[in-house]
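Work through the exercises below with the sequence and coordinates open. Each task is followed by a solution in steps.

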Amino acid sequence: MNVFVIGSGGREHAICRKLAQSPKIGKIFCAPGNAGIASIAECVDIQIEDYDKLAKFAKENSMALTVVGPELPLCGGIVGIFKSKGLKIFGPSAKAAILEGSKIYAKQFMLRHEIPTASADFFENEKEALEYLRKIFDPSRGIVIKADGLAAGKGVTVAKSYDEAEDAVKACF
């Protein structure tokens, strides 16, 4: 069976590598892939935001399954698009992917459902966030600063100093 992997990072490389170990897998395609993935799968020049083109490729090449790595297409609704075209795809719906796509939504969800999580506050402007930071920053503990929204796994700063925390807050705004 042919499998289509969407993405170009380390996660997708690991997915392709594991898929390649299965005797049930025929050919692996990856869009857009990268140089490392190219040694395992055939890379296809389609961007991860071009859902219709990705679906067309999957259908035309008889993909038994598509696996999505990055959160951007998941939050963008690629799973629903593929399913509406009768294509099998592994990944959460856009509604479920919001847990990954919005740190605020995820934190509020955990609090609402009494899932253990660190305390948090949310700010819509830099001034309020910096005032809060000045009040609560403890250099012996540091602080975690997260920007809401998609950040491709890079939207978090674990600040050990006040200056580092202040820079992270400013970068969020």
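The exercises concern a predicted model and cover its sheet, a crossover, a helix pair and one strand residue.

**Exercise 1. Determine the order of the strands in the open sheet and state which strands stand at the edges.**

Solution.
- Step 1. The open sheet is formed by 5 strands, and their pairing is parallel.
- Step 2. Read across the sheet, the order is E3-E2-E1-E4-E5.
- Step 3. E3 (42-43) and E5 (89-90) each have a single partner strand, so one side of each has no neighbour in the sheet. These two are the edge strands.

**Exercise 2. Follow the pairing from E2 through E1 and E4 to E5, and give the number of bridges for each pair.**

Solution.
- Step 1. E1 and E2 run parallel and are joined by 5 bridges. Within this pair, Ile6 has Ala31 of E2 as its bridge partner.
- Step 2. The pairing of E1 with E4 is also parallel, over 5 bridges. Here Asn2 stands opposite Met63 in E4, and Phe4 has Thr66 of E4 as its bridge partner.
- Step 3. E4 (residues 63-68) and E5 run parallel and are joined by 2 bridges. Thr66 has Ile89 of E5 as its bridge partner.
- Step 4. Thr66 is thus named in two pairings, with Phe4 and with Ile89.

**Exercise 3. Describe the surroundings of E1: which helices lie across it, how is it connected to E2, and is it largely enclosed or open?**

Solution.
- Step 1. H1 (residues 10-20) lies across E1 (2-7), E2 (28-32) and E4, and runs at about 170° to E1.
- Step 2. H2 (residues 51-60) lies across E1, E2 and E4 as well, at about 165° to E1.
- Step 3. Returning to the pairing of E1 with E2 over 5 bridges, the chain passes from E1 through H1 to E2, a β-α-β crossover that is right-handed.
- Step 4. Of the 6 residues of E1, 5 are buried, so the strand is largely enclosed by the rest of the structure.

**Exercise 4. Classify the packing of H5 against H6 and list the residues that make the contact.**

Solution.
- Step 1. H5 (residues 94-101) and H6 (residues 103-112) pack at about 95°, with axes 6 Å apart.
- Step 2. Angles of 65 to 115 degrees count as roughly perpendicular, and H5 and H6 therefore fall in that class.
- Step 3. H5 contributes Ile98, Leu99 and Gly101, while H6 contributes Lys103, Tyr105, Ala106 and Phe109.
- Step 4. Sorted by class, the contact holds 5 nonpolar, 1 polar and 1 charged residues.

**Exercise 5. Decide whether Ile145 is buried or exposed, and find its contacts beyond four places in sequence.**

Solution.
- Step 1. Ile145 belongs to strand E6 (residues 143-146).
- Step 2. Its relative accessibility is 11%. The cut-off for buried is under 20%, so Ile145 counts as buried.
- Step 3. With neighbours within four places in sequence left aside, Ile145 is in contact with Gly155, Val156, Thr157, Ala165, Ala168, Val169 and Cys172.
- Step 4. Between Ile145 and Lys160, the separation is 15 residues in sequence and 11 Å in space, C-alpha to C-alpha.

Terms used: Residues numbered from 1 in each chain as written. Predicted model: local features only at pLDDT ≥ 70, side-chain atom pairs only at ≥ 80, totals over all residues. Heavy atoms only, no water. Axes fitted to C-alpha atoms, helices over the stretch in contact; angles between N-to-C directions. Helix = DSSP H or I, 4+ residues; strand = E, 2+ residues; numbered from the N terminus. Parallel < 35°, antiparallel > 145°, perpendicular 65-115°, else oblique. Contact = heavy atoms within 4.5 Å. Nonpolar A, V, L, I, M, F, W, Y, C, P; charged D, E, K, R; others polar. Pairing = 2+ DSSP bridges. Buried < 20%, exposed > 50% of the residue type's maximum accessible area, 1.4 Å probe, protein only. Right-handed = clockwise from strand over helix to strand, strands pointing away.
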